[in-house]
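Subject: Structure for you to look at

Hello,

Here is the structure I said I would pass on. Please open it alongside this message.

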Amino acid sequence: MSLMSSDLSYRPGENGFLEGKMLIAMPGIGDPRFERTVIYMCVHNPDGAMGIVVNKPADNITFPDLLDRLSIRAPGSLPPKHIHCPVLAGGPVEMGRGFVLHTQDYFSEDSTLPVDEYVGLTASIDILRDMVTGRGPSRALLALGYAGWAPGQLDAEMQANGWLHCDPDPELLFGLDLDAKYHAALAKLGVNISLLSPEAGHA
């Protein structure tokens, strides 16, 4: 008996891709790096896919620590909205590289990738300088590394029921309660994690 209802099967977006969607790892994902992860998809096209894990904290580093390491000094105190900006383990690729996922009230023509009308991704250090001076986005998270897939790889994993997907919302993306995001993402689909097994989706 399958525990995967027809409503939860792989259904890509209108263009056949999952840019701007949230991936939710199934219990049987088979890769410990992605267990219980929620990933915001920034790129998904015939050339491959790229996303940012939004619910796993980076080890032993805070946003003020990172600013200090980069010798970025705030002119006064850090703006309240960014004091608690989470620093996340964004994925296993290029873990020494930083990415800021943010609301689209901030945009750099040279370095921001607009994922959808609400969310952008910026990899320039300039956004951090803007954040400490109060010119940054209203909501943001900083990720070290990203999740990447070769052409067709994510599609195959989706077909094999490695992932579910749902629409994002501000708390799933930028909320500070990282531990709650996995269950919250599943709840958007009406899924109770206790009803899922590693064999979900297979007869």
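Below is what was found, beginning with how far the model can be trusted.

This is a predicted model, in which local features need pLDDT of at least 70 and side-chain atom pairs count only at pLDDT 80 or more, while totals for chains, interfaces and linings use all residues. Residues are numbered from 1 along each chain as its sequence is written, and side-chain values use heavy atoms, leaving out hydrogens and water.

The protein has a mean pLDDT (the predictor's confidence in each residue, from 0 to 100) of 85, and 87% of its residues reach 70 or more. Residues 1-14 stay under 50; the model gives them 30 contacts (heavy atoms within 4.5 Å) beyond four places in sequence. Residues 199-203 are also below 50, with twelve contacts beyond near neighbours in sequence.

The largest nonpolar core (buried Ala, Val, Leu, Ile, Met, Phe, Trp, Tyr and Cys residues joined through side-chain atoms within 4.5 Å) has 29 residues. Tyr40, Ile52, Val54 and Leu101 have the most contacts inside it. Helix H6 (a DSSP run of H or I, at least four residues, numbered from the N terminus), residues 178-188, gives the largest share of this core, four residues. Another core lies apart from it and has 18 residues, including Leu67 and Met131.

Ile52 touches, among others, Val38, Phe99, Leu121 and Tyr146, not counting residues up to four places away in sequence.

Two cysteines count as buried (under 20% relative accessible area; exposed is over 50%, partly exposed in between, with a 1.4 Å probe and protein chains only): Cys85 at 5% and Cys166 at 4%. The whole structure has zero disulfides, a disulfide being a pair of cysteine sulfur atoms within 2.5 Å.

Regards

Conventions. Helix = DSSP H or I, 4+ residues; strand = E, 2+ residues; numbered from the N terminus.
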